[in-house]
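Got the model open in your viewer? Let's take a walk through it, one region at a time.

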Amino acid sequence: YEAKVYNQKKILAVIPARGGSKGLPGKNIRPLLGKPLIAWTIEQALNSKFIDRLIVSTDDEQIAEISKKYGAEVPFLRPSELAQDKTPTIDVLFHLIKTLEEKYDYLLLLEATSPLRKKNDIDNAITKLLENEDKADTLICLVKIEHDTLHPYGVKTIKDNFVVPFITDAPKFTQRQELNDAYAISGGIYISKISTLFEQKTFYHQKTIANILERWQYFEIDYLYDFLCVESIMKNLIETGEI
């Protein structure tokens, strides 16, 4: 697909990256295979044929400087009240959209902590949503749950000191193949019509379609062991030319 097919739709891409991180301090600019973590997502976005503008939303001067160095815009620093541990991402996005003078049709959210994207993942996701724009307003990425202990029917909880099923009426099964398909949300790519985002205040609602990613793309960096796993996966994928 050529970009001109959809050039009537203006797409704003946003990478949220605040400075504070308790799980892995400085993770957004932590060196990953020769460049800061956030640089991988910036470069992936800049390779898109459809994105009209790429902005990093941050409260941190160092993140801002590194982001600009790798080609993203940082038109302003995020207010401190929108850079707290419990600040909802949706509030950050709304603040950014309202602050910008230019208007856009779609918002593409890219988490810097989910850098495991193949070369065409972003444009494939945009294309899928735009091809279905009469039916769907939002697209999120999912990864199939392959391990039966992580499947909703296999998950356990503890009640009165005893292990019990998390879903009390879950059917009994002996093999993974007996389970209905279940999926986990990947933080790699979210896309929504901006009008719907303000109306629904979420990327997930009744008119959401999915882009299915591979199992190894599920990793999201919150802690050091996540980082080490992603680093190992990316090293191998670079060698094979997949990313």
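Which elements do the buried residues of α4 pack against? Before answering, keep in mind that this is a predicted model. The buried residues of α4 touch quite a list of partners: β1, α1 (37–46), β5 (106–109), β6, β9 and β10. The helix itself, α4 (121–131), is mostly covered, with eight of its 11 residues buried. If you want to select them, they are Asp121, Ile122, Asp123, Ala125, Ile126, Thr127, Leu129 and Leu130. It helps to remember the geometry here: an α-helix has 3.6 residues a turn, so residues three or four places apart point the same way.

Next, pick up β9, one of the partners of α4. This strand, β9 (183–193), is mostly covered too, as nine of its 11 residues are buried. Follow β9 sideways and you meet β5, which runs antiparallel to β9 and is joined to it by four bridges. In that pairing, Leu108 stands opposite Ile191 in β9. The strand β6 (138–144) also pairs with β9 in the antiparallel sense, over seven bridges. There, Val143 is the residue opposite Ala184 in β9. When you look at the side chains, bear in mind that in a regular strand they alternate between the two faces of the sheet.

Now for the empty space. Start with the enclosed kind: the structure holds one cavity of 30 Å³ or more, and the volume of the largest cavity is about 40 Å³. Its lining is made up of Ser114, Leu116, Arg117, Asp121, Ser186, Gly188, Ile189, Leu213 and Gln217. With three residues, β9 gives the most to this lining. You'll also recognise Asp121, which lines the cavity and is among the buried residues of α4. By residue type, the cavity lining splits into three nonpolar, four polar and two charged.

The open space is next. The largest pocket holds about 690 Å³. Its lining counts 32 residues, and the ones that lie nearest its centre are Arg18, Thr87, Thr89, Glu111 and Glu220. Two elements give two or more residues to the lining of this pocket, namely α3 (89–99) and β9 (183–193). So β9 turns up in the lining of the largest pocket as well as in that of the largest cavity. Sorted by type, the pocket lining has 14 nonpolar, 10 polar and eight charged residues.

On to the charged side chains: a search of the whole structure finds 10 salt bridges. In one of them, Lys9 and Glu133 meet at 3.4 Å, N to O. That pair spans 124 residues, from Lys9 in the segment before β1 (11–16) to Glu133 in the loop between α4 and β6. Lys9 counts as partly exposed at 23% relative accessibility, and Glu133 also counts as partly exposed, at 22%.

Another salt bridge ties Asp222 to Lys27, with 3.4 Å between the closest N and O atoms. These two are 195 residues apart: Asp222 is in the loop between β10 (208–213) and α6 (224–240), while Lys27 is in the loop between β1 and β2. Buried or partly exposed, which is Lys27? Its relative accessible area is 14%, so Lys27 is buried, whereas Asp222, at 30%, counts as partly exposed.

A third example brings us back to β6. Asp181 forms a salt bridge with Lys144, the closest N and O atoms being 3.3 Å apart. Lys144 is in strand β6 and Asp181 in the loop between β8 and β9, 37 residues apart. Lys144 counts as partly exposed, at 32% relative accessibility. There is also a network, in which salt bridges with shared partners join Asp137, Lys193 and Lys207.

Finally, a stop for the backbone. Most residues other than glycine have a negative phi, and most peptide bonds are trans. Leu33 has a positive phi, near 50°, and lies in the loop between β2 (31–32) and β3 (35–36). Asp160 has a positive phi as well, about 55°, and its place is in the loop between β7 (156–159) and β8 (162–165). How exposed are they? Leu33 counts as partly exposed because its relative accessibility is 32%, and Asp160 is exposed, with a relative accessible area of 64%.

Key:
Residues numbered from 1 in each chain as written. Predicted model: local features only at pLDDT ≥ 70, side-chain atom pairs only at ≥ 80, totals over all residues. Heavy atoms only, no water. 1 Å grid on protein atoms, 1.4 Å probe; cavity = no way out; pocket = protein on both sides within 12 Å on 5 of 7 lines; lining within 4 Å. Points joined across faces, edges and corners; volume = space filled by probe spheres on them. Nonpolar A, V, L, I, M, F, W, Y, C, P; charged D, E, K, R; others polar. Buried < 20%, exposed > 50% of the residue type's maximum accessible area, 1.4 Å probe, protein only. Salt bridge = Lys/Arg side-chain N within 4 Å of Asp/Glu carboxyl O. Contact = heavy atoms within 4.5 Å. Pairing = 2+ DSSP bridges.
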